[in-house]
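Here are my notes on the model, set out as numbered points. Please read them with the coordinates open.

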Amino acid sequence: MLKQYFKQAWHLIKQNKLFSGIYIAGTALGISMVMVMAIINHVKTANIYPETNRDRTMYVKSIIVTPKDTALQWMSSGGFSYKSSILFFMSLKTPELVSLAMDPVSKFVSLPNDNYLNKVQVRYVDNHYWNVFHFHFLSGKPFTEADFRSGIPAAVISESLAKKLYGTIDIVGKYIECGFKEFRIAGVVKDVSYVLSGTYAQVWIPYTTNKNYNEEDNELDGMIGSMRNIYLLAHSADDFDMIRTEVNENIRRYNAQSTEWNIDLAGQPDTKKVEVNRFWSNVGPDMHKITLHNVLLVLLFLLVPAINLSGLNSTRMEQRMSEMGVRKAFGASRKKLFNQIFTENLLLTFGGGLTGLLLSYLFISVSRNWILDLGKQIADILPEGATVDFSLSMLFNLKIFVAVLLVCFVMNLLSALIPVYRSLRKNITDSLHIRYT
Amino acid sequence: MIKQLLKQIWAQRKQNGWIFAELLVVCMLMWYIVDFCFVLLHNKSIPTGSDISDTYVVTYGVLPEENSRYDAAESDSLRMMQNLELFTRKIRQYGQVETASLLNTGWGTLPNSGGFYGGVIQYDTVNTSTERKFISSGDYFRIFRYTSAMDNSWERPAGIDLYRDNAVFITRMIEKKLFGQQSGIGKKITIGRGDNSKEYMVADILNDQKRFDYDLPAPAVFIPAEPLSVGNMNSHAVCIRLKAGTPEKPFISGFKKDMTPSLRIGNLYLEDIESMTAKKANIEYEFGKTNEIRTNMIIMAFFLLCIALGVIGTFWFRIASRRNEIGVRMAMGSTRGNLQKQFILEAILLLTIAIIPAICISTFIVQADLIETLGKRIPDDIYITGRKWLRFFFTYIITYIFLAVIVGLSAWIPAYRASKIHPVEALREE
């Protein structure tokens with residue numbers, strides 16, 4: 001039976017090339033936009049090298065300090081100081097690991113005493129960083145805890161930088177100059193695509209080599225500083241609530257003791273989904289609004305082409321009315337006819353879905369340098385020499401295919417259900433009566 | 001003709017209903033984007049007040065003590081200042097450079113800067129808030145060419161020494177606010193509040209300036225900057241203006257290649273050179289403006305394609321099913337042009353019917369202040385963008401014309417094909 005449906009449907013599609021063409025193009029248009037959104041969302045939040053622990057990591061980026069004296073109408077916000085990050089996070093019991101890192105900076109890197117300078121992105125991190133993120137070491141290994149504690153200038157560099165400077169990756173123990181200071185190379189890691197802009201860098205060095213990492217000024221109890229990335233790696237996502245409670249307890253205790261200041265984290269620690277929408281240090285993202293916005297956009301992207309297709313379907317059903325009438329007169333049940341037309345549509349929709357998916361890949365490849373920044377209130381400029389390469393595993397995966405199928409099905413329902421149902425409800429005599437050219 | 005077309009549309013209401021619904025939704029979305037573009041283009045058409053073409057910023061760095069080439073003898077403040085002067089002089093002597101000067105660039109002093117330093121400016125009892133720009137020399141005006149409102153020249157502000165009588169320049173906007181119809185030149189004003197306030201004399205009025213190309217003009221006051229010292233050398237850079245029309249890319253790569261070795265002076269090194277136009281593009285990207293424009297353009301393209309496909313599809317089938325009618329009309333002496341015109345008009349009429357409820361719904365949305373950029377953040381109603389309903393009227397007219405062109409074109413494609421057939425052939429199907 002099913003085979004019969006498909007055979008018939010295929011013939012009809014071939015017969016009506018224009019209809020099929022417009023139908024497929026219309027479907028593809030809607031599906032491609034939704035797929036672009038789905039892929040962006042996947043790339044931003046799923047576990048992808050080297051951020052393979054996103055689903056069990058919580059993120060804290062900023063701290064707000066307000067004076068207890070309510071007559072003073074101001075607040076100050078920014079990254080954590082070394083002091084405040086230790087105070088609030090190092091004592092946490094639930095997380096498996098806590099890692100601190102500063103925001104990336106752009107620095108000159110060269111061979112020692114060489115005049116040829118490369119401008120690269122450098123990250124100041126700690127030794128736990130290498131456990132929160134799973135970098136693939138091509139040679140050597142991360143700098144050790146002992147290195148880190150004593151501020152020994154050791155660096156992990158990316159494969160492409162290693163090749164550019166030395167022509168090889170077997171350079172553990174050799175030296176580079178970074179920001180005009182010498183560092184011993186501890187390890188070489190596989191390059192990170194700028195798609196993962198949260199971990200992208202070419203050089204990673206211990207923040208303890210930055211001589212003023214733990215010097216705070218005395219203002220605001222030394223709470224604000226340059227630790228803008230705090231990672232709390234949980235054993236599993238189930239622990240998130242417990243971590244939140246623990247962090248809030250630390251904050252509460254500080255606020256109770258301090259006579260001068262109140263601390264607020266504006267809803268942090270964040271899951272990855274929230275973290276990608278947090279742009280300001282003084283106010284958290286309105287997730288309800290963002291979700292609503294995205295849902296509306298998806299609906300529009302599906303609905304407008306669906307109205308189109310409904311119109312087309314209804315015109316065509318009008319044309320096929322006499323065919324339906326004849327088939328009904330020979331005993332075809334309404335259900336059978338409905339299934340037949342529905343299959344026909346589904347086939348067309350899947351054609352559209354596949355085209356749409358290809359279109360979305362094309363779109364992403366053309367716009368890859370900026371597509372991930374759409375919708376950001378504050379965007380970062382692509383660092384010199386960085387590439388935004390979407391790997392195959394980011395684009396082809398089960399989650400995305402399931403999404404396509406789902407979207408296709410919704411689209412099909414939206415566009416075929418009403419016109420087909422309406423036209424099939426007509427009386428046989430009515431259908432037979434209509435002579436449409 | 002119109003009446004007949006209306007009848008036609010009504011007779012086919014079942015299929016027209018779908019395209020009508022789509023047009024209704026798209027009209028409203030389109031209007032939102034047209035309004036966005038309208039404001040953007042309107043704001044961009046207002047002069048920025050400065051001229052950043054052919055201007056560049058050269059930044060320097062200082063070697064850290066750990067570096068093997070660090071020279072302790074070069075690190076005292078006297079040597080440092082001499083080296084900075086030499087650094088600037090070498091750039092001034094480089095080919096194509098017209099003016100080069102070591103200027104304060106901190107806190108949004110450069111045009112299109114991401115930084116901003118606000119403050120209050122007061123005369124008598126009237127005060128207003130303004131942006132402050134810190135000027136270290138008349139070269140600032142020679143390079144960035146903010147112009148005087150007196151004679152529209154940059155030479156005039158460039159020739160006045162702000163340090164001599166504690167002078168400042170204010171923009172026309174501030175003058176109007178503080179002094180009304182009177183001239184502000186020579187008047188004493190106060191900048192800042194309380195203990196931090198300081199008195200200055202207004203030396204000249206400058207034309208209004210904008211912080212960003214896509215914004216409206218905003219008030220600014222040009223104050224003498226704190227003189228250069230080792231303490232504030234991080235907020236200084238060498239600003240240059242090149243001879244007009246020097247191409248950017250070859251200049252930058254040539255400059256880096258030629259100057260990197262010779263600008264290693266004492267502990268100084270050449271960090272970067274960037275054109276102000278590139279800086280401007282970067283800041284627009286960082287502030288999300290570029291992305292906002294792109295998002296709107298993508299959405300617009302999407303919905304226009306949808307509309308085009310919808311109209312082409314619907315009209316194709318309709319025209320196919322009315323071939324006999326076409327044949328009759330042609331036999332009766334209707335020309336091909338007439339026929340095409342009729343279908344195009346039918347489509348545009350359909351759009352006209354759909355845009356009426358769209359306008360009603362949009363009116364409601366605007367009335368309810370649901371759109372942030374319309375009605376909420378309005379700075380001044382001297383601009384058309386500040387007058388809510390006038391702007392609404394204009395943008396809807398633009399939307400209508402724009403959509404009419406798309407819809408008309410989409411209807412014309414099948415109509416053109418249909419009108420090509422021979423009347424005999426069309427009639428045979430009767």
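1. In this predicted model, chain B has a barrel closed by 6 strands, which follow one another in the order E3-E4-E8-E5-E7-E6. The pairing in the barrel is mixed. Averaged over the sheet and with direction ignored, neighbouring strands are turned by 45° against each other.

2. One pair in the barrel can be looked at residue by residue. Strand E5 (residues 167-171) and strand E7 (residues 198-206) of chain B run parallel and are joined by 5 bridges. Within E7(B), the residue opposite Val168(B) is Val202(B). As a general matter, the strands of a sheet pair through backbone hydrogen bonds, in either a parallel or an antiparallel way.

3. Which helix lies across the strands E3, E4, E5, E6, E7 and E8 of chain B? That is helix H6 (residues 172-179) of chain B, and its direction is at about 150° to E4(B). The strands that H6(B) lies across include E3 (118-123), E4 (126-135), E6 (188-191) and E8 (220-224) of chain B.

4. For chain B as a whole, the count is 13 helices and 10 strands. Its radius of gyration is 31 Å, whereas the globule rule gives 22 Å for 430 residues; the value is well over the rule, so chain B is more spread out than a compact globule. Along the principal axes, the C-alpha atoms of chain B fill a box of roughly 100 × 55 × 40 Å. Of the 430 residues in chain B, 34% are buried. If contacts in chain B are restricted to residues at least 6 apart in sequence, 78% of them join residues at least 24 apart.

5. The domain assignment splits chain B into domain 1 (2-46 + 288-428) and domain 2 (55-286). Their C-alpha centres lie 49 Å apart. The contact between them takes 9 residues of domain 1 of chain B and 8 residues of domain 2 of chain B. On the domain 1 side, H2 and H9 of chain B each supply at least two residues, and H2(B) gives the most, with 3 residues. By class, that side has 4 nonpolar, 2 polar and 3 charged residues.

6. Chain A is assigned three ranges of its own: domain 1 (2-48 + 287-433), domain 2 (62-99 + 214-269) and domain 3 (103-209). The C-alpha centres of domain 1 and domain 3 of chain A lie 46 Å apart. Their contact involves 15 residues from domain 1 of chain A and 10 residues from domain 3 of chain A. The domain 1 side of this contact in chain A consists of 9 nonpolar, 3 polar and 3 charged residues.

7. Between the chains, 35 residues of chain B are in contact with 31 residues of chain A. Helix H2 (13-45), helix H8 (276-286) and helix H9 (289-321) of chain B are the elements that give two or more residues to the chain B side. How many residues come from H9(B), which has the largest share of that side? H9(B) contributes 15 residues. The chain B side divides into 17 nonpolar, 11 polar and 7 charged residues.

8. H2 and H9 of chain B deserve to be read in both settings. They each supply at least two residues of the side of domain 1 that touches domain 2 of chain B, and they are also among the elements that give two or more residues to the side of chain B that touches chain A.

Technical notes. Residues are numbered from 1 along each chain as its sequence is written. Chains are lettered from A and ligands numbered from 1 in the order in which they are written. This is a predicted model: local features need pLDDT of at least 70, side-chain atom pairs count only at pLDDT 80 or more; totals for chains, interfaces and linings use all residues. Two residues are in contact if their C-beta atoms, placed from the backbone, lie within 7 Å. Helices (H or I, at least four residues) and strands (E, at least two) are DSSP runs, numbered from the N terminus. Ala, Val, Leu, Ile, Met, Phe, Trp, Tyr, Cys and Pro count as nonpolar, Asp, Glu, Lys and Arg as charged, and the others, Gly among them, as polar. Domain bounds come from an automatic or database domain assignment. The radius of gyration is taken over C-alpha atoms; the globule rule is 2.2 Å times the number of residues to the power 0.38. A residue is buried if 20 or more other C-beta atoms lie within 10 Å of its own, exposed if 12 or fewer, and partly exposed in between; C-beta atoms are placed from the backbone. Two strands pair if DSSP finds at least two bridges between them. Axes are lines fitted to C-alpha atoms, for helices over the stretch in contact, and angles run from 0 to 180 degrees between N-to-C directions.
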